[in-house]
Amino acid sequence: MATRVIGATGLARDLGHWRNSDGTDGASRKATRPAYLALAEGIRLLIHDGRAPLGIALPSERHLATTLGVSRTTVTSTYALLREHGYLITRQGSRSTVALPPAIAHDGTRAARGILATMSNGSAPAVDLTYAAMTAPPEMAEAYSVALQGIPSYLGTHGMDPVGILPLREALARRYTERGLPTGADQILVTLGAQHGLRLLLNVLATTAGRVLIDHPTYPNAIEAIRDVGARPVPVPLRLEDPASAWDLDGLRSAARQTAASLAYLVPDHNNPTGFLMDDAARAELVAIARDTRMLLIIDESMADLSLGTAAPVAPVAAFAKGSEVVTIGSASKSFWGGLRVGWIRTSESLITRLLGIRATVDLGTPVMDQLAAVHLLENADPILDRRRGQLRSQREALLAAMADELPGWYVLPGVGGMSVWAQLPTPVSTALAATAPNHGVLLAAGPRFGVQGAFERFLRLPYTSPEPELRRAVTAIATAYATLGPQVGDSLQPLTCY
């Protein structure tokens with residue numbers, strides 16, 4: 001079977017401003033480090049971020065050199081350095097393929113940390129801020145105990161229900177109805193999480209080279225899902241300076257008309273990564289835009305339960321629809337636990353029928369035990385979510401206080417909910433900071449992961465889902481790493497030679 005090859009154009013796009021720390025392309029001033037080191041650092045970060053998948057082949061030296069406008073010697077040296085440190089595997093007569101250096105042994109007692117965790121110095125494990133997810137609540141064990149008691153009634157069946165068990169669909173329909181969106185169980189399709197639901201929808205609705213509008217910044221895995229089906233994400237920037245009116249509705253309308261986009265993927269309920277929330281008036285206008293431009297809205301409500309402010313609850317976007325112009329996806333992962341792989345799609349019965357047609361080629365349903373556990377959690381959701389929201393508020397306060405003390409030059413944009421803040425750095429060094437931070441004990445997701453075409457080098461997503469002591473330690477590590485960069489980012493790939 002032929003090896004997949006990442007295109008030079010796509011690699012160049014994801015690398016963004018890889019040459020220098022200040023976002024220049026190197027033409028206006030002398031580079032602060034050799035080009036091959038800067039390029040190797042950029043590719044290394046893409047590998048750790050998952051944007052250069054393991055096993056995929058990198059472009060040929062000649063093609064990448066031409067695309068980036070550098071000498072072939074530069075690319076040759078880059079590949080040699082990555083190969084030396086275990087990031088590339090080259091076999092005679094074949095292309096260099098992406099790999100990771102051997103990871104530390106994992107005993108299975110907790111989620112494995114990425115290879116970046118091995119880069120931190122000191123005895124304490126690295127604080128992993130690449131995930132915005134909480135540990136399971138105490139009620140999770142009880143939920144699975146109840147599920148185990150309920151499983152006998154399903155053992156007489158084949159256990160593969162691509163629609164989802166009726167008790168879960170009824171529980172989800174009740175929650176939508178209570179939020180002001182009348183819903184029946186037949187309008188719910190249970191999935192393996194929100195990401196799985198989005199992928200099913202894109203497989204059915206997206207067209208090759210078709211445009212999909214996205215808020216910008218947004219959830220990085222959604223961007224990759226859009227690209228993977230051959231569609232093109234079209235960013236519509238959020239107004240970061242005005243969180244109360246962050247969504248540029250005029251911009252959305254204009255983009256929909258100019259690109260003839262038939263789909264939009266938006267996260268109006270505590271946008272990931274900013275935590276911004278769209279108000280009711282904007283939701284009504286958004287649905288009107290979708291109706292006028294014949295564009296289907298895919299609304300991701302994964303963070304809908306995590307409002308940390310005091311404002312009145314907003315209605316689901318679909319509550320403003322007059323027809324089927326809104327499809328909603330949700331998940332139990334953010335509300336309860338990431339290991340509970342249960343999500344759902346709320347839409348019309350006709351679209352569910354189409355989705356079931358494609359689902360049979362992907363999977364045969366969501367595990368019954370997980371669905372039964374989700375039913376119990378939903379039936380007891382209020383006290384669980386109240387406590388988790390209180391925990392998130394406390395941890396957010398600890399993160400912001402630590403940043404005020406140790407990173408006073410950073411501008412933080414706290415939203416009204418969700419699991420992270422979107423921090424603006426004084427200089428565009430997000431990628432370089434994420435590359436060097438593991439050497440100081442913290443793992444970061446660079447700002448450009450949350451956008452397209454190398455955007456957001458001045459930003460960093462900082463989740464507040466870790467315990468307060470870990471958050472304070474993480475901020476100290478970030479401040480130390482940031483200080484090492486200096487006014488001109490030095491050679492932050494050099495520590496590789498010490499591994």
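This report covers one sheet and two helices that pack on it in a predicted model.

**The sheet**

Seven strands form an open sheet with mixed pairing. Their order is S4-S10-S9-S8-S7-S5-S6. Strand S4 (188–191) and strand S6 (232–237) are the edges, and each pairs on one side only. Neighbouring strands are turned against each other by 20 degrees on average, direction ignored.

Strands S9 (residues 326–331) and S10 (residues 343–346) run antiparallel. Four bridges join them. Within this pair, Thr 328 of the chain stands opposite Arg 346 in S10.

**The packed helices**

Helices H8 and H10 pack on the sheet as tabulated here.

| Helix | Residues | Strands touched | Direction angle |
|---|---|---|---|
| H8 | 220–228 | S5 (211–216), S6, S7 (263–266) | about 145 degrees with S6 |
| H10 | 280–293 | S7, S8 (296–300), S9 | about 145 degrees with S8 |

Strand S7 is touched by H8 and also by H10.

**Helix H8 in detail**

Which residues of H8 are buried? They are Pro 220, Ala 222, Ile 223, Ala 225, Ile 226 and Arg 227. An α-helix has 3.6 residues a turn, so residues three or four places apart point the same way. The buried set of H8 includes Ala 222 and Ile 226, as well as Ile 223 and Arg 227.

The cover over these buried residues comes from helices and strands. Among the helices are H1 (8–15) and H7 (194–205). Among the strands are S5, S6 and S7. Just after H8, Gly 230 takes a positive phi of about 90 degrees.

Terms used:
Residues numbered from 1 in each chain as written. Predicted model: local features only at pLDDT ≥ 70, side-chain atom pairs only at ≥ 80, totals over all residues. Heavy atoms only, no water. Pairing = 2+ DSSP bridges. Helix = DSSP H or I, 4+ residues; strand = E, 2+ residues; numbered from the N terminus. Axes fitted to C-alpha atoms, helices over the stretch in contact; angles between N-to-C directions. Contact = heavy atoms within 4.5 Å. Buried < 20%, exposed > 50% of the residue type's maximum accessible area, 1.4 Å probe, protein only.
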